[in-house]
Amino acid sequence: MVEATGKRADGSRRGVELLRRVLTGSGVDPGRAEPVDPGRELPPGPGETDHDDPLRHVVRMPARPGSTADWPDWTPPGLRRAWAGRGVDRPWTHQAAGAELVRAGTDVVVATGTASGKSLLYQLPVLAGLAEDPRATALYLAPTKALAADQLRSLDGLAPDDVRPASFDGDTPMEERDWVRRHCRWMFSNPDMLHRSLLPRHGRWSNFLRRLRFVVVDECHTYRGVFGSHVALLLRRLLRLAARYGARPTIVLASATVAGPAEFGSRLTGREVVAVTEDGSPHAGRTVAFWEPPLLDEITGDNGAPVRRSAGAEAARMLGDLVLEEARTLAFVRSRRSAELTALGARRQVGEVAPELVERIAAYRGGYLPEERRALEVALMAGELLGVATTNALELGVDISGLDAVVLAGFPGTRASFWQQAGRAGRAADEALVVLVARDDPLDTYLVHHPQTLLGAPVEGCVLNPVNPYVLAPQLACAAAEMPLTTADVDEIFGGAPAAEVLDALVEEGVLRRRPHGWFWPDTGAAPSAQVDIRGSGLGQVAVVEAATGRMLGTVDGSSAPATVYPGAVYLHRGDSFVVDELDLDGGVALVHPEDPDWRTEPQSVSDVTVLATHSTRRSGPVQVCFGETTVTSQVVAYRRRTADGTVLDQTPLDLPPQSLDTRSVWYTVDPDALLAAGIDDGRLPGALHAAEHAAIGMLPLFAICDRWDIGGLSTALHPDTGLPTVFVHDGHPGGAGLAERGHEVLDHWLAATRSAVADCECRTGCPSCVQSPKCGNGNNPLDKAGAVQVLDLVLAALAGNGRGAVDGGGAVDGAAPGPR
């Protein structure tokens with residue numbers, strides 16, 4: 001630990017100097033901080049041969065100048081003056097071009113980098129349009145409350161008084177909601193409120209909808225998978241009702257850079273969309289460091305496997321070092337618990353050197369109460385906080401400027417999210433530091449050793465499936481309740497034949513009624529929207545309540561509650577520790593009591609897969625690859641207690657109900673004779689398949705946009721539905737989110753990268769960086785690392801022999817996100 005200092009480096013070298021501070025805090029030669037420029041071949045650092053050196057690669061991303069344009073002729077003088085007062089004398093070229101398209105009534109998606117000024121692109125035409133037509137209205141939708149609140153604040157001093165912009169979300173007091181409905185002309189909300197409040201009561205909002213001229217959908221790249229499919233149908237419901245009242249609003253989509261933004265925007269909205277992708281904004285330079293935590297000599301994991309220092313512990317130490325440098329820093333972590341632990345670790349470290357800085361470090365995550373969240377946002381924007389450990393709640397949300405550094409404790413899931421998080425630093429003239437710290441995970445390890453896979457590859461396209469019957473059914477019921485569905489609605493808005501099949505099923509089940517003029521919702525007095533969870537879990541929220549006082553601490557998603565607030569689990573809130581006494585899934589409540597144990601807990605689960613229908617089959621010699629419909633039954637069956645150093649204290653059984661999921665899977669089978677010929681006998685077979693399954697789940701997110709909780713798998717030496725040794729990988733959402741289908745499409749590339757990750761890992765018999773999984777219901781036993789390589793070699797050779805040619809796993813591919821089983 002070195003002493004705190006407020007001295008700032010020359011701006012052009014700021015990122016390098018901050019990295020030197022991080023290296024010094026780790027006991028690594030600070031001279032290793034010198035980066036190379038992108039485009040040059042990355043030299044192997046000492047970390048390639050010296051496993052005690054965690055710094056694997058350093059790359060400098062050079063600064064980029066900006067390009068401006070004239071204000072459009074139709075820009076109101078008052079708006080020009082207001083932006084000039086904020087230092088904006090001329091718009092960037094993409095802002096002017098996009099604003100002209102919106103002004104002309106063209107539906108637009110702007111897909112440019114973080115901090116490129118996307119807000120001005122839509123604020124300019126929307127405010128100009130609202131000024132010209134004093135009766136016109138506009139709707140802004142964001143995926144998070146924080147982002148909507150921040151964008152609303154950005155209108156202070158810009159919006160004319162008669163626009164009366166206001167928020168309409170779950171935190172809006174009931175007495176204010178009527179005022180918003182009657183008087184607000186630019187409403188800032190989110191898809192949840194649109195779904196649960198505005199559309200079911202559209203008659204009360206008829207004046208707003210009749211005059212609706214603009215719909216802004218911010219951070220639209222977050223609408224993917226099941227959630228994105230729900231939002232796609234939600235937008236169709238909105239546009240359908242707006243047309244009912246005589247309005248055809250112009251749609252403006254704003255996104256981080258994604259592949260195929262126009263195509264994605266069209267899938268999301270159901271309309272033709274024009275993309276604005278030429279980014280005219282300037283960007284400060286960034287030093288990007290790739291960090292692999294060192295192996296720990298003093299402890300071992302499951303079955304004696306080596307264990308690395310955790311990414312969270314590394315991020316906490318780096319956050320503390322950077323705060324001592326008085327560098328404004330965000331540390332992005334993967335879970336709410338990690339956000340709390342990382343902030344606590346940094347506070348302890350800083351308290352030993354500079355106690356006056358301790359209160360300038362905090363955690364920020366979902367689940368906080370509204371007043372807590374708002375207070376943290378204000379302190380962060382005002383610069384009162386220097387270091388914040390956060391989940392991806394701040395990947396979007398608050399428009400933070402002037403940050404010096406971003407630390408990512410684990411790859412965030414996609415290249416788009418990586419650049420979104422990294423882009424929170426370096427908005428000013430100073431160069432910034434970005435550090436990617438690998439988790440003990442196959443994908444993270446692969447990326448820090450192959451940074452060109454991240455830096456040199458295009459960002460991903462977003463996958464969504466609006467005709468998923470598990471999404472279509474509840475959305476069509478909601479649409480019918482709002483206004484009877486016609487044949488034209490089905491054909492032109494909701495997807496045609498797939499929607500008609502779902503409607504027939506809903507009529508047969510008695511949910512809807514068929515009449516000559518369409519489909520009707522029976523007048524039961526209750527709108528179906530209240531029972532439909534567009535976030536995808538279908539189980540709503542579980543309130544975490546302190547049993548002795550009745551104080552509500554926060555919420556967790558119902559689908560994740562069995563794995564996070566099971567009886568005996570340690571739950572952290574704002575730095576305080578609680579232990580769960582009882583989980584009532586039916587009642588939606590988890591009761592806890594304060595306790596600060598010196599151990600942590602982790603859930604253990606088991607699963608089973610049943611094949612319902614096979615949509616695709618291909619045989620390549622002894623290997624058969626299939627894709628189809630499956631039912632996955634999973635159950636949290638126990639939890640383990642671990643000490644701070646990772647030692648397992650004990651395992652406690654749990655009696656929680658199983659959860660059944662109809663979804664889609666990709667699977668392959670291998671003939672036993674071929675396995676035996678490859679040297680894998682009956683005794684080694686379960687461990688070899690098990691290890692290959694774990695590794696494949698860990699690597700699929702490199703090819704499909706997903707999170708570790710979005711996929712799962714199963715391996716067995718004899719599956720009852722196939723009669724053969726089988727490895728399954730399945731979607732974690734009802735009906736599937738396109739992830740298993742994507743795996744089926746790129747199976748050769750996926751398994752080649754999996755084979756590379758396992759074979760290249762420095763461990764001898766398997767570890768969390770290659771074949772072990774933290775959620776394995778069998779305690780990572782049996783696992784045969786060498787056997788996994790043999791299985792994958794056999795499968796890849798068979799696929800190549802069928803003319804499909806396996807490829808080197810080191811190549812650039814699209815997709816990404818972490819996730820072993």
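**Exercise 1. A buried pair between two strands**

E602 and R642 are both buried in this predicted model. Task: find the interaction between E602 and R642, and locate each residue in the chain.

Solution.
- Step 1. Check the contact. E602 and R642 form a salt bridge, with 2.9 Å between the closest N and O atoms.
- Step 2. Place the residues. E602 belongs to strand β24 (residues 599-620), and R642 to strand β25 (residues 623-643). The two are 40 residues apart, so the bridge links distant parts of the chain.

**Exercise 2. A strand tied to a helix**

Task: describe the salt bridge of R618 and D748, then classify R618 and D748 as buried or exposed.

Solution.
- Step 1. Take the distance. The closest N and O atoms of R618 and D748 are 3.8 Å apart. The cut-off for a salt bridge is 4 Å, and this pair is counted as one.
- Step 2. Locate the ends. R618 sits in strand β24, and D748 in helix α24 (residues 747-760), 130 residues apart.
- Step 3. Apply the burial cut-off, which is under 20% relative accessible area. R618 has 16% relative accessibility, so R618 counts as buried. D748 has a relative accessible area of 3%, so D748 is buried as well.

Now to a network. Task: which residues do salt bridges with shared partners join to R317 and D321?

Solution.
- Step 1. Follow the shared partners. R309, E314, R317 and D321 form one network.
- Step 2. Look at one link. R317 and D321 meet through their side chains at 2.8 Å, N to O.
- Step 3. Use the spacing. R317 and D321 are four residues apart in helix α11 (residues 311-324), which means that about one helical turn separates them.
- Step 4. Check burial. R317 and D321 are both buried.
- Step 5. Set the scale. The whole structure holds 34 salt bridges.

**Exercise 3. The seven-stranded sheet**

Task: give the strand order of the seven-stranded sheet and identify its edges.

Solution.
- Step 1. Read the order. The sheet is open and runs β4-β5-β3-β6-β7-β2-β8, with parallel pairing.
- Step 2. Find the ends. β4 (166-167) and β8 (274-276) each have a single partner strand, so one side of each lacks a neighbour in the sheet.
- Step 3. Sample one pair. Strand β3 (residues 137-141) and strand β5 (residues 186-189) are parallel over four bridges. A138 has W186 of β5 as its bridge partner.
- Step 4. Add a helix. Helix α10 (residues 261-269) packs on the sheet and touches β2 (108-111), β7 (250-255) and β8. The directions of α10 and β7 make about 125°.

**Exercise 4. Strand β7 in its surroundings**

Task: work out which strands β7 pairs with, and how its faces are covered.

Solution.
- Step 1. Take β2. β2 and β7 run parallel and share four bridges. V108 stands opposite V252 of β7.
- Step 2. Take strand β6 (residues 212-217). Four bridges join β6 to β7, again in parallel. V216 has V252 of β7 as its bridge partner.
- Step 3. Trace the connection. From β6 the chain passes through helix α9 (residues 225-244) to β7, a right-handed β-α-β crossover.
- Step 4. Recall a rule. In a regular strand, side chains alternate between the two sheet faces.
- Step 5. Assign the faces. T250, V252 and A254 are buried on one side; I251, L253 and S255 are buried on the other.
- Step 6. Conclude. Six of the six residues of β7 are buried, so β7 is largely enclosed by the rest of the structure.

**Exercise 5. The mixed sheet**

Task: describe the five-stranded sheet and the helix that packs on it.

Solution.
- Step 1. The sheet is open, with mixed pairing and the order β20-β19-β23-β22-β21.
- Step 2. β20 (552-557) and β21 (570-573) are the edge strands, each pairing on one side only.
- Step 3. From one strand to the next, the twist averages 35°.
- Step 4. β21 and strand β22 (residues 576-584) are antiparallel, joined by four bridges. Y571 stands opposite F578 of β22.
- Step 5. Helix α12 (residues 336-353) touches β20 and β21, and its direction makes about 65° with that of β21.

**Exercise 6. Nonpolar cores**

Task: which residues touch the most other members of the largest nonpolar core?

Solution.
- Step 1. This core has 137 residues; L476, Y668, W750, L751 and V791 touch the most other members.
- Step 2. Leaving out residues up to four places away in sequence, L751 touches Y668, A696, L792, V795 and L796.
- Step 3. Another core of 39 residues lies apart from the largest one, and includes L234, Y245, L464 and M483.

How values were computed. Residues are numbered from 1 along each chain as its sequence is written. This is a predicted model: local features need pLDDT of at least 70, side-chain atom pairs count only at pLDDT 80 or more; totals for chains, interfaces and linings use all residues. Side-chain values use heavy atoms; hydrogens and water are left out. Two strands pair if DSSP finds at least two bridges between them. Contact means heavy atoms within 4.5 Å. Axes are lines fitted to C-alpha atoms, for helices over the stretch in contact, and angles run from 0 to 180 degrees between N-to-C directions. Buried means under 20% relative accessible area, exposed over 50%, partly exposed in between (1.4 Å probe, protein chains only). A crossover is right-handed if, with the strands pointing away from the viewer, the path from the first strand over the helix to the second runs clockwise. A nonpolar core is a set of buried Ala, Val, Leu, Ile, Met, Phe, Trp, Tyr and Cys residues joined through side-chain atoms within 4.5 Å.
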